[in-house]
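Hi,

Here is the structure I said I'd pass on. Have a look, and my notes follow underneath.

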Amino acid sequence: MAAAPQPVRAAPTLARALRARVAATAKPQPQGGGGGGGGASASRRALLGLSEPELRQLALDLGQQSYRGKQLHDLLYKSRANQIQDFNYVPKAFREALLGAGWSVGRSPVHHAVTASDGTTKILLKLEDKRLIETVGIPVDDDNKGSSRLTACVSSQVGCPLRCSFCATGKGGFARNLRPHEIVEQVLAIEEVFKHRVTNVVFMGMGEPMLNLNSVLEAHRCFNKELKIGQRMMTISTVGVPNTIKMLASHKLQSTLAVSLHAPNQKLREMIVPSAKSYPLWALMDDCKNYFLETGRRVSFEYTLLAGINDEKEQAEELAQLLHTCGGGYHVNLIPYNPIEGSEYKRPYRKVVQAFVDALEARKITVSVRQTRGLDANAACGQLRNEFQKNPLLESSPSEPSLVPT
Ligand SMILES: C[S@@+](CC[C@H](N)C(=O)[O-])C[C@H]1O[C@@H](n2cnc3c(N)ncnc32)[C@H](O)[C@@H]1O
Ligand code: SF4
């Protein structure tokens, strides 16, 4: 009988690096600044998020041939297998070795899903430590091109420590950072529910991505390389955390940076975004300017419009002045406030939104107004908070003033 072929070994230094990366997937991620909460219970290591070379190395380490790693890669990212027990074309001994070494695929069960009248679907996933996170699938039919897009709005943390005054996630407190596979699996869960490939990813769900930048970058890599979502189809949104925009710029990603600005001056910004106290507006704008210079990607400034707080014409003019200090690489995206429980803020009337747009356009600022999606399922921007009951504010205000221009 012919001897069993010996596994092909990777070069020692590469093998060491890959092994270290694979081992690191088992470690809890460091906590984001400013928040409490325990670390992820990382009792099992997740295969999801690993690259093909890493999976090949893992196969070698478990006494298999390298091509078995390629099979794992196909099972994870092509067949989208949910658990190791379903890896039907790898040998039973390999499946048992993986399970014995503490590996799992890294998928969480869907705890609940709710679909809004516009098709936007919010999915709650129950993580290994029983915490819930929310992820939102937003379908868009592009009739002119005959194609359809599916955007995944993914969470990066369980809750958020930054407590912006108008955001349900901020009001709900902070538990922990998500591990890379917990971000990746959100896209797979959306694809499963919609039976459609995700075409775009926005890191705009629960949490502040810049407080969990390593996991966000790993998930971004996986979306791009393994799930084949173009870098230009992804957006990372931040309210601003000192030094992190510079760090992100150094990776020279071809993705959009969205900066949640919400005010044209430091004083007002501190009132509605408490974390702004540690990041002066001039420094934030400087970092945005450098991001554009380093990556060539224009920055999208997000501005949540709150009636009577930051929606006046004079404030639009002040915003235009501020943006002119930032060079040419930017765009403004206005988000009329989405109501959340326990908040006094109101959404501005449509004509106020239009006056704000006109004031910016008159000063040569390119501006769009975000179409509200998923409002009746509490799945719109800022409404994500581990819950799925109806929002009483929506029920009690049928004559909600402005509905958003599309
Ligand atoms: C939930 S945050 C997550 C990403 C990141 N933490 C940030 O602030 O950019 C995504 C976007 O939702 C916006 N947002 C939060 N609460 C909102 C609300 N009640 N209505 C409208 N937009 C809101 C934020 O300002 C931000 O631009
Ligand atoms: S808007 Fe963003 S940074 Fe602010 S509390 Fe919500 S998730 Fe956190």
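Two strands pair if DSSP finds at least two bridges between them; helices (H or I, at least four residues) and strands (E, at least two) are DSSP runs, numbered from the N terminus. The model is predicted, so to speak of local features needs pLDDT of at least 70, side-chain atom pairs count only at pLDDT 80 or more, and totals for chains, interfaces and linings use all residues. Residues are numbered from 1 along each chain as its sequence is written, while chains are lettered from A and ligands numbered from 1 in the order in which they are written.

On to strand 13 (residues 330-336). It pairs with strand 14 (residues 367-369) in the parallel sense over 3 bridges, with Asn333 opposite Ser368. Its pairing with strand 12 (residues 299-305) is also parallel, over 7 bridges, and there Val299 faces Tyr330. Of the 7 residues in strand 13, 5 are buried (20 or more other C-beta atoms within 10 Å of their own, C-beta atoms being placed from the backbone), so the strand is largely enclosed by the rest of the structure.

Then there's helix 10 (residues 281-295). Its buried residues include Leu284, Cys288 and Tyr291. Down the helix axis, the buried residues fall within an arc of 160 degrees (taken from the directions from the axis to the C-beta atoms), so they line one face. Trp282 and Leu293, on the other side, are exposed (12 or fewer such atoms).

Cheers
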